[in-house]
Each structure stands twice: as structure tokens, then as C-alpha cells.
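Me: I'd like to go through this structure with you, one question at a time. Can you take me through the ligand site and then the salt bridges?

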Amino acid sequence: MTHEELVRLDHQYTLQTYGRFDVDIDHGKGARLWDLAGKEYIDFTSGIGTASVGYGNERWAGAVARQALKLGHISNLFYAQPYALLAEKLCRRTGMAGAFFGNSGAESNEGAIKLARKYSFDKYGKGRGTILTLKNSFHGRTVTTLAATGQDVFHNYFFPFTDGFRYAEPTMDGIAEVAGHDVCAVLLELIQGEGGVFPMEKEFIHELAVLCAERDWLLLVDEVQTGVGRTGSLFCFQQYGILPDAVTFAKGIAGGLPMGGFLVSERCRPVLGPGTHASTFGGNPVCAAAALEVQNILDDGELAQVQEKGAYLRAGIEGLDLPCLGKTRGLGLMVGVEVREGYTNKELAARLMDAGLLVLTAGHNALRLLPPLTITREELDAGLAILARTLV
Ligand SMILES: Cc1ncc(COP(=O)(O)O)c(C=O)c1O
């Protein structure tokens with residue numbers, strides 16, 4: 001099939017909800033991708049942070065293939081080893097007490113929202129279901145997670161949205177302005193990803209954790225983008241020195257297969273009892289086996305390298321001193337790059353793609369880089385070389 005034939009097929013038979021780049025991708029290896037015509041790309045996107053252990057990873061593909069041959073799906077009416085082993089691994093590596101598995105980031109956040117509302121209902125009854133989220137946040141595309149998202153541009157068309165969310169500036173004064181007796185939880189990203197790669201101040205997060213404990217609000221951390229090694233620790237909250245009541249994950253958890261979920265603290269473990277929450281594909285054996293292999297690959301040594309590689313990439317970009325790019329920000333291999341006035345992130349991304357480097361855009365005017373966590377120095381250098389010769 002040619003690129004033109006594929007585009008025609010897409011346009012005729014799929015809903016045109018995505019503004020796709022005019023690029024098709026056929027296959028990959030490590031942090032390299034190739035299109036149908038055989039053109040090579042260095043990938044600083046990893047499928048929006050999902051292909052955490054790179055493309056064509058033999059350990060990952062072997063685990064998927066073995067499990068697919070053994071048992072593809074069975075449902076949560078029965079016990080099965082892969083999800084149970086994965087839950088154990090995630091709890092042991094984080095200090096959290098229990099896991100729930102679903103399919104996507106939005107679904108994971110929906111689960112955490114239900115957890116907070118039920119925790120509060122069980123203890124205090126009705127009237128305390130409001131969740132504070134932050135301005136410029138992003139929590140998903142379902143009607144409820146759109147409502148949780150603190151950006152007006154997402155509150156359109158699909159009325160009525162779910163009630164019970166108020167949006168705060170990311171400061172203690174900002175929280176105080178929207179706090180009230182009806183609040184049961186705060187939901188936030190430690191680094192706002194879609195919003196432009198903005199890390200939260202550590203002091204703010206520490207003070208907020210204290211306030212949550214005082215008011216008996218649950219602290220819900222959305223790690224759909226920052227989780228599973230992206231920032232150089234298994235979860236970003238571990239670098240902030242807090243223990244949330246719930247932490248949600250998705251994207252990179254199964255290395256590119258659809259899986260999400262959340263971990264809860266000890267006191268929240270009994271909240272969602274039988275019949276209160278479920279997901280047909282949740283904990284699917286193939287996804288869970290893939291996720292277990294991702295855990296094996298992303299051991300503590302590999303996570304330390306994520307921090308080093310992130311620092312190397314940021315220093316490399318800033319060292320190029322390109323006229324269109326400013327400072328970098330982020331943690332580990334979640335890197336935001338400021339685009340200077342007079343340039344747009346979309347235009348720069350298109351030029352880079354043409355030259356063979358895939359990058360993401362985010363927020364008002366930033367580039368966002370989420371390479372596979374297993375990217376090599378040589379692949380990073382190849383990407384930096386494309387940046388250098390394309391954006392001079
Ligand atoms: C922080 C955050 N939360 C939630 C989501 C939604 O995830 P999904 O698209 O898997 O539903 C995203 C997706 O980009 C995200 O970055």
C-alpha cells in the first residue's frame with residue numbers, strides 16, 4: 001500500500017477526530033521508526049509516552065507472544081496469575097497497598113474519582129463530592145475527565161458535563177480560594193504534560209499534602225504521563241517525597257499495549273468493594289504479562305539511566321543555542337522545550353518530521369519530547385544532530 005492509498009482509506013472509513021501529521025508509520029526498532037516508503041525517523045514521541053521500552057523489544061515481544069499463546073483473555077470472574085503478579089510488583093516498588101487495572105488513562109482517573117467520592121460518602125454521607133483540580137491540567141476525554149480538566153477549551157459541545165469539580169491555581173492561595181466543606185479530594189499532575197510540561201513546585205506539593213491530611217481530602221496523583229519510569233523513578237511522586245492516596249497510570253505501563261489502572265494507599269484499600277467498580281478487559285493477561293516484562297526491563301539501574309539520558313538530552317538541546325528554542329524543563333525523559341516568539345511549535349514539529357525526527361507539541365507553544373526510556377546515546381545524538389541541522 002502507498003501512503004496516498006492509506007490516507008484515502010483513513011479519510012473514507014474512519015471518523016476524522018485526529019489532526020494527523022502527513023506521515024505513516026509501518027514498523028520500528030529501538031527508538032527508530034520507518035514509514036511505508038522506507039524513510040527512517042528518530043522517535044522522540046514513543047507513541048505519546050507508551051512505547052516505554054522501545055519498538056521491537058525482544059524481551060517485551062517474547063512475553064506478549066508467550067502469554068497470547070497461553071491465555072489471551074478470561075475476565076475478572078476468575079483469578080489469573082499475570083495481573084496478580086503485576087499488582088504485587090507495583091505495590092512493592094511504590095509502597096502503595098493495592099491495584100485496580102483498566103484500559104486507559106481517562107478510565108484510571110474515573111476510578112480514582114469514584115474512589116474519592118466513595119471514601120467520603122462512606123465516612124461523611126452525601127454533600128462532600130467535590131474534587132479540586134488545577135488550572136492548565138489534563139485528565140482525559142470522557143465526559144467526567146473533561147470536566148476534571150482545568151482548561152476552558154475542553155469544556156465545550158458535550159454539555160451537561162459532570163458536576164463536582166473546581167479549578168485552582170497551583171499555589172496554596174489558589175487552593176484556599178476554591179476550598180470548601182463540600183471537598184473530598186485534590187487531583188493533580190506533578191508535571192502538567194499536555195498543558196506544556198510544567199513541573200509543580202515541591203514546596204507546594206508538600207504543603208498541599210499536609211492540608212489534605214488535615215481536611216481528610218484524598219490526594220489523587222494523575223501519573224498517566226509521568227508514571228512508569230518516565231521521570232527517572234518508577235512514579236514521579238517518589239521524587240516529590242509524598243505518598244498519595246491514589247496514583248493513576250496508563251500510557252507506558254504495558255509498553256504499548258492498552259492498559260491503565262490505579263494504586264491506592266492502605267487506608268483506601270477497602271473503599272471499592274465487590275460490585276462498586278469493574279472493567280471487562282481490566283488486568284487482561286497479555287497486557288499484564290507485557291507490563292510485568294516492562295517492570296523487569298525498567299529496573300532501578302535503567303531508571304537511573306533515564307535521569308542521566310534526560311539531563312544529556314536537555315544539555316544537548318540548550319547547548320545547540322538554536323534561534324527558535326529557549327530553555328528546557330521537565331524531569332527524566334519528559335522534556336519540554338520553550339519555543340521562542342516568532343515561531344510556532346506546530347511549524348517546528350512539521351519541519352523536524354520532514355527531516356526525520358518525530359517530536360510532540362504541548363501547551364501554548366512548547367515542544368514535548370517523550371522518547372522511549374530505553375533510547376541509546378547514539379539514538380539521542382542522531383536526534384540532536386537532526387535538530388541542529390534543521391532548526392539553524
Ligand atoms: C496526565 C494525563 N491524564 C490522562 C490522560 C488520558 O489518557 P488516555 O488517553 O489513555 O485516556 C492523559 C493523556 O494524555 C494524560 O496525559
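Me: How far is a backbone N or O atom of Phe138 from a nitrogen atom of the ligand?
Reply: Keep in mind that this is a predicted model. The pair to look at is a backbone N or O atom of Phe138 and a ligand nitrogen. The distance between the two is 3.5 Å.

Me: Which residue has a backbone N or O atom 2.8 Å from an oxygen atom of the ligand?
Reply: Start with the shell of 13 residues, where Gly105, Ala106, Asp222, Gln225 and Lys251 come nearest to the ligand. An N or O atom in the side chain of Lys251 sits 3.1 Å from a ligand oxygen, but here we want a backbone atom. The residue with that backbone atom at 2.8 Å is Ala106.

Me: What percentage of the ligand's accessible area does the protein cover?
Reply: Polar contacts to the ligand include the one from the Lys251 side chain, at 3.1 Å from a ligand oxygen. On its own, the ligand has 390 Å² of accessible area, and the share of this that the protein covers is 81%.

Me: Which helix gives the largest share of the shell around the ligand?
Reply: By type, the shell has three nonpolar, six polar and four charged residues. By element, the largest share is three residues, and they come from the helix spanning residues 105-124. That's helix H5.

Me: Is Leu9 buried, partly exposed or exposed?
Reply: Leu9 is in helix H1, residues 3-13. Together with Met1, Leu6, Tyr13 and Leu36, Leu9 makes a nonpolar surface patch of about 500 Å². Its relative accessibility is 40%, so Leu9 counts as partly exposed.

Me: How many residues apart in sequence are the parts that Arg20 and Asp10 tie together?
Reply: These two form a salt bridge, with the closest N and O atoms 3.0 Å apart. Arg20 is in the loop between H1 and strand S1 (27-29), while Asp10 is in helix H1, so the parts tied together are separated in sequence by 10 residues.

Me: Which of Arg20 and Asp10 is buried, given their relative accessibilities?
Reply: Arg20 has 57% relative accessibility, so Arg20 counts as exposed. At 15%, under the 20% cut-off, the buried partner is Asp10.

Me: Which residue forms a salt bridge with Arg32?
Reply: The closest N and O atoms of this pair are 3.1 Å apart. Arg32 is buried at 17% relative accessibility, and the partner is partly exposed at 47%. Arg32 lies in strand S2 (residues 32-34) and the partner in helix H13 (residues 377-390), so the bridge ties together parts 346 residues apart in sequence. The partner is Glu378.

Me: Where does Arg368, the salt-bridge partner of Glu194, lie?
Reply: The closest N and O atoms of Glu194 and Arg368 are 3.0 Å apart. Glu194 is partly exposed at 27% relative accessibility, whereas Arg368 is buried at 3%. Glu194 is in the loop between strand S8 (191-192) and strand S9 (198-199), and 174 residues away Arg368 lies in strand S17.

Me: How many salt bridges does a search of the whole structure find?
Reply: Besides the pairs we've covered, there's a network of salt bridges that links Lys123, Asp216, Asp245 and Arg267. For the whole structure, the search gives a total of 17.

Conventions
Residues are numbered from 1 along each chain as its sequence is written. This is a predicted model: local features need pLDDT of at least 70, side-chain atom pairs count only at pLDDT 80 or more; totals for chains, interfaces and linings use all residues. Side-chain values use heavy atoms; hydrogens and water are left out. A residue is near a molecule or strand if one of its heavy atoms lies within 4 Å of it. A polar contact is a pair of N or O atoms within 3.5 Å; within protein, one must be able to donate a hydrogen and the other to accept it, and residues adjacent in sequence count only if both atoms are side-chain atoms. Accessible areas come from the Shrake-Rupley method with a 1.4 Å probe; for residues, only the protein chains shown count as cover. Helices (H or I, at least four residues) and strands (E, at least two) are DSSP runs, numbered from the N terminus. Ala, Val, Leu, Ile, Met, Phe, Trp, Tyr, Cys and Pro count as nonpolar, Asp, Glu, Lys and Arg as charged, and the others, Gly among them, as polar. Patches are made of residues with over 30% relative accessible area and no salt bridge: like charges are joined within 9 Å, nonpolar side chains (Val, Leu, Ile, Met, Phe, Trp, Tyr) within 5 Å. A salt bridge is a side-chain nitrogen of Lys or Arg within 4 Å of a carboxyl oxygen of Asp or Glu. Buried means under 20% relative accessible area, exposed over 50%, partly exposed in between (1.4 Å probe, protein chains only).
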